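Biologist: Could you take me through how to read helix packing and burial in a model like this one, giving the general idea and then the case at hand?

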Amino acid sequence: MTRRELREHCFKMLFSADFYPTKEEAKAQLEQYFQSPEEDDVDPEGVCLVLHKVELKEADSEYLRERTGNIMDKIPEIDQKIDQVAAGWKTRRMGKVELTILRLALYEMGYDDTIPEKVSVNEAVELAKKFGGNESPAFVNGILAKFIGGEEREKEEPEPAADSENKGQA
């Protein structure tokens with residue numbers, strides 16, 4: 001299975017887990033992901049599209065369980081980082097699709113040295129195109145762009161006055 005396919009499965013698992021009130025309940029429900037039936041739909045041209053199909057090798061299933069669990073453990077830390085840079089937006093006000101994509105990408109950027117930051121951003125934008133609304137790709141890209149380059153970027157590109165006035169709001 002490709003890294004992109006694994007990332008998409010991870011996104012779906014994280015998205016579904018976000019609907020449970022405790023981390024323990026969410027992790028317990030993740031097993032249901034592997035048991036869910038195939039789901040398909042027909043597009044406007046009459047072509048059958050597979051929306052959900054989980055046929056994973058044991059190694060891929062184990063990878064997804066571990067990765068999703070690791071991301072869920074880091075959510076408070078990741079959300080705090082998002083809240084610091086998302087001018088006018090707090091994680092509690094964001095759509096679940098966009099928030100889940102941001103969490104996944106920031107986990108990759110901060111905790112997975114095998115994936116270059118720009119790849120994480122590009123893949124997040126592709127997920128936003130596939131699962132989010134019309135504005136989702138730009139929103140996700142805009143937030144993640146603030147994390148590339150870290151402190152060097154902040155020194156090179158000062159924030160516009162309008163953004164700094166709004167920092168305390170939201």
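**Reading helix packing and burial**

Modeller: Let us start with handedness: the crossing of α1 and α4 is right-handed, and I should say at once that we are looking at a predicted model.

Biologist: At what angle do the axes of helix α1 and helix α4 cross?

Modeller: The axes of α1, which spans residues 3-17, and α4, which spans residues 96-111, cross at roughly 125 degrees and come within 9 Å. Because angles from 65 to 115 degrees count as roughly perpendicular and those over 145 as roughly antiparallel, this crossing makes α1 oblique to α4. On the α1 side the contact is made by R7, C10, F11, L14 and F15, and on the α4 side by K96, V97, T100, I101, L104 and E108. Sorted by class, the residues of this contact comprise seven nonpolar, one polar and three charged.

Biologist: Before we go on, how many helices and strands are there in the protein, and what pattern does it follow along the sequence?

Modeller: The protein has eight helices and two strands, and read along the sequence they follow the pattern α-α-β-β-α-α-α-α-α-α. Of its 170 residues, 36% are buried. If one takes the contacts between residues at least 6 apart in sequence, 63% of them join residues at least 24 apart.

Biologist: How do α4 and helix α5 pack?

Modeller: The procedure is as before, with the angle read first and the residues afterwards. Helix α5 covers residues 117-131, and it packs with α4 at an angle of about 165 degrees, the axes being 9 Å apart; that makes α4 roughly antiparallel to α5, and the crossing of the pair is right-handed. From α4 the contact takes V97, I101, L104, A105, E108 and M109, while α5 contributes E117, S120, V121, A124, L127, A128 and F131. The classes in this contact are 10 nonpolar, one polar and two charged residues.

Biologist: M109 appears in that list; is M109 buried or exposed?

Modeller: M109, which lies in α4, has a relative accessible area of 14% and is therefore buried, the cut-off being under 20%. Its C-alpha is 6.5 Å from that of S120, although the two residues are 11 apart in sequence. Setting aside neighbours within four places in sequence, M109 is in contact with E117, S120, V121, L144, F147 and I148.

Biologist: And at what angle do helix α3 and α4 cross?

Modeller: Helix α3, residues 58-85, crosses α4 at roughly 100 degrees, and their axes come within 9 Å, which means that α3 is roughly perpendicular to α4. The residues of α3 that meet α4 are R67, N70, I71, K74, I75, E77, I78, D79, K81 and I82, and their counterparts in α4 are L99, L102, R103, L104, L106, Y107, E108 and Y111. This contact of α3 with α4 has 10 nonpolar, one polar and seven charged residues.

Biologist: What is R103 in contact with, leaving aside its neighbours within four places in sequence?

Modeller: Those partners are D18, I71, I75, I78, D79 and I82. R103, placed in α4, is buried, with a relative accessible area of 7%. M72 offers a useful companion, since it is placed in α3 and, at 7% relative accessibility, counts as buried. M72 and R103 are 31 residues apart in sequence, yet their C-alpha atoms are 9.0 Å apart in space. With the same neighbours in sequence left aside, M72 is in contact with L14, A17, K23, A26, K27 and L30.

Biologist: A26 and L30 are among those contacts of M72; which residues in helix α2 are buried?

Modeller: The general idea is that an α-helix has 3.6 residues a turn, so residues three or four places apart point the same way. In α2, which runs over residues 23-35, the buried residues are A26, L30, Y33 and F34. Seen down the axis of α2, these buried residues fall within an arc of 105 degrees, so they line one face of the helix.

Biologist: And which exposed residues does the face of α2 turned away from its buried side carry?

Modeller: That face carries the exposed residues E24, A28 and Q35.

Note on methods: Residues numbered from 1 in each chain as written. Predicted model: local features only at pLDDT ≥ 70, side-chain atom pairs only at ≥ 80, totals over all residues. Heavy atoms only, no water. Buried < 20%, exposed > 50% of the residue type's maximum accessible area, 1.4 Å probe, protein only. Helix = DSSP H or I, 4+ residues; strand = E, 2+ residues; numbered from the N terminus. Arc of directions from axis to C-beta. Axes fitted to C-alpha atoms, helices over the stretch in contact; angles between N-to-C directions. Parallel < 35°, antiparallel > 145°, perpendicular 65-115°, else oblique. Left-handed = near helix turned anticlockwise from the far one by under 90°. Contact = heavy atoms within 4.5 Å. Nonpolar A, V, L, I, M, F, W, Y, C, P; charged D, E, K, R; others polar.
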